[in-house]
Amino acid sequence: MTETIIDRAIAWHSAQDDADFDWDGFTLWLEADPAHRLAFDEIALLDDRIADHRPTLAALLPPIEVVPVAFPAMEDPVASPRRWSLWAGGGIAAAMALAVAVPTFLSLSPAPSAADYRTGAGQSRTIALKDGSRITLAASSHLRVEGEGQDKLALEGGALFDIPHRPDRTMTIRAGGQEISDIGTRFDILADTRTMRVAVAEGVIALKPAGADNAVRLSAGRQMVIDRTTHQGEISAVAPAAIGSWRQGRLVYEGVPLSLVASDISRYAGVLVRAGADVAGRRFSGVLIVGDGSGLVGEVAQLMDLRIVREAGRQDGAVLLRAGGG
């Protein structure tokens, strides 16, 4: 792998928290060459290890003489919540050295503590686990990773999971009040307070609904939509190629409740969007282009003949979708 690819991976990773991050350009770069995704995953994993073991790294560094200067205060790289200044420039050699050094003291450390990953409106984030798993977190979502083997996960929102098969472990994911056991596969989860959808692109997963004694097995090309209020679920066909298409700016739905579509739109539009009780259960199939998120509500309202109602008494721009668009 060339230093140029690694440099570019570091630059993309370092810029992900910027408000004007070029998500389209990043996606094109990832898909241009498998080596690009491999390099990015390695940098993301290294950054997570540094963040988890910052106190140990700080103790290993030689003392630095601090000389007062007249410049404005700058961010302390050790106190920074996420990234060290080694990503800023000329840090390739230091990064590679740390990549070698970190595993040395990791083996002497206690079991890793839980890690939390979050995204804001319109953002996404790729998370690399130590077993080679890759998780792409959708906008306005939260993922918690626990366990010595990073095999106990909890999700709020949406994510695409790409999990390699390992006979010696089964990853479990709690989302939408359900428990999903992965057997080595690729699948997408979307969950809100009312509905949850799991769609499988490759392999097989086992889904155990809340309160159920037995798990349901879902194979590639199948999805399950669960109503969390009635605890009822429906299994239907889904195009594997469409699963996870939100990473390319397309929201693809096949027979899902409008309540789930509204919740998904909220993550990209930056305002709360809810489906009224009179239309929440309506089924929606179609493709929505995300863009900047501002046109999603109007597009759905037009497609399904709905009214957009501003919720009274709210100052956050929240809207309600009701029947009768006219």
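Which residue follows helix 7, and what is the sign of its phi? I looked: aspartate 305 comes after helix 7, and its phi is positive, near 55°. Helices here are DSSP runs of H or I with at least four residues, strands are runs of E with at least two, and both are numbered from the N terminus.

Notes on the model. I'm working with a predicted model, where local features need pLDDT of at least 70, side-chain atom pairs count only at pLDDT 80 or more, and totals for chains, interfaces and linings use all residues. Residues are numbered from 1 along each chain as its sequence is written, and side-chain values use heavy atoms, without hydrogens and water.

Helix 7 next. I found Leu296, Val297, Val300 and Ala301 buried (under 20% relative accessible area, 1.4 Å probe, protein chains only; exposed is over 50%, partly exposed in between). They sit on the same side of helix 7, because their arc around the axis (from the directions of the C-beta atoms) is only 130°. Gln302 and Leu303 are exposed on the face turned away from that buried side. The cover over the buried residues includes helix 6 and strand 18 (306–310).

Then the largest nonpolar core (buried Ala, Val, Leu, Ile, Met, Phe, Trp, Tyr and Cys joined through side-chain atoms within 4.5 Å). I see 34 residues, with Val261, Leu288 and Val300 touching the most other members. Helix 6 (258–269) is among the elements giving two or more residues, and its six residues are the largest share.

Last, leucine 288. Beyond its neighbours within four places in sequence, I listed contacts (heavy atoms within 4.5 Å) including Tyr253, Val261, Ile265 and Val300.
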